[in-house]
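Here are a few exercises to work through with the model open beside you. Try each task before reading its solution.

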Amino acid sequence: MIVDLTLERALYIAHNMVKDDFDEIMATHWGDTIDGFAEQCVAANGLNMCSLADDGTPVAMGGIALFQPKVGTAWMVGTSRMIEKKIEVTRFAKQAIHKSLQDGVVHRVNAFASALHLRTHPWLRSLGLNEENTLKKWGKNGEDFIIFAKVV
């Protein structure tokens, strides 16, 4: 089930993220605390969501953050149980990207993925995002990232 992202849900997911998501977030997050990351997720301007497992446990959070006019940044992190809701989360993400572009909320949706976070790249392509470029040393510890985008 897709529900609103609350701080309680964000904190649970942030503290239980899979390692690849944790590494990616820590490479780009201003702070060094998981709690600070969770707070930023809830406060982000734009669309935020949470996916719950059938037993009500938060398993993924994401959305499209609006950091600048007409450009959205798609983001998503999850726990090891996110796989239980992969179809639901993928459907929601595709619809959110499509609707944001179609309704004119944005004319571009970006997603930044660690070059080492290989399971994410095919998923971003399945959402209709195209790989644009490798951003050398884009992470705060010199990690390379790949930018994916869809534009109208």
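**Exercise 1.** Is Asp144 buried, partly exposed or exposed?

*Solution.* Keep in mind that this is a predicted model. Start with the cut-offs: buried means under 20% relative accessible area, and exposed means over 50%. The relative accessible area of Asp144 is 25%, so Asp144 is partly exposed. Next, look for its partner: the side chain of Asp144 meets that of Lys136 in a salt bridge, at 3.6 Å from N to O. Finally, classify that partner: Lys136 has 64% relative accessibility and therefore counts as exposed.

**Exercise 2.** Find the salt-bridge partner of Asp32, and work out where each of the two residues sits.

*Solution.* Step one is the partner: Asp32 forms a salt bridge with Lys140, and their closest N and O atoms are 3.0 Å apart. Step two is the location: Asp32 lies in the loop between α2 (19-28) and α3 (34-43), while Lys140 lies in the loop between β6 (130-135) and β7. The pair is 108 residues apart, so this contact links distant parts of the chain. Step three is accessibility: Asp32 counts as exposed at 65%, whereas Lys140 counts as partly exposed at 40%. For context, the whole structure holds 10 salt bridges.

**Exercise 3.** Which loops does the salt bridge between Asp55 and Arg81 link?

*Solution.* First confirm the contact: the two side chains meet at 3.2 Å, N to O. Now place them: Asp55 is in the loop between β2 (46-52) and β3 (58-68), and Arg81 is in the loop between β4 and α4, 26 residues apart. As for accessibility, Asp55 counts as exposed at 53%, and Arg81 is partly exposed at 26%.

**Exercise 4.** Describe the surroundings of strand β5 (residues 108-114), starting with how many of its residues are buried.

*Solution.* Begin with burial: six of the seven residues of β5 are buried, so the rest of the structure largely encloses this strand. Then take its neighbours one at a time.

- Strand β4 (residues 71-78) runs parallel to β5, joined by three bridges. Within this pairing, Thr73 has Asn110 as its bridge partner in β5.
- Strand β7 (residues 145-151) runs antiparallel to β5, joined by seven bridges. Here Ser114 stands opposite Phe145 in β7.

To finish, trace the connection from β4 to β5: together with helix α4 (residues 86-102), these two strands make a right-handed β-α-β unit.

Terms used
Residues are numbered from 1 along each chain as its sequence is written. This is a predicted model: local features need pLDDT of at least 70, side-chain atom pairs count only at pLDDT 80 or more; totals for chains, interfaces and linings use all residues. Side-chain values use heavy atoms; hydrogens and water are left out. Buried means under 20% relative accessible area, exposed over 50%, partly exposed in between (1.4 Å probe, protein chains only). Helices (H or I, at least four residues) and strands (E, at least two) are DSSP runs, numbered from the N terminus. Two strands pair if DSSP finds at least two bridges between them. A crossover is right-handed if, with the strands pointing away from the viewer, the path from the first strand over the helix to the second runs clockwise. A salt bridge is a side-chain nitrogen of Lys or Arg within 4 Å of a carboxyl oxygen of Asp or Glu.
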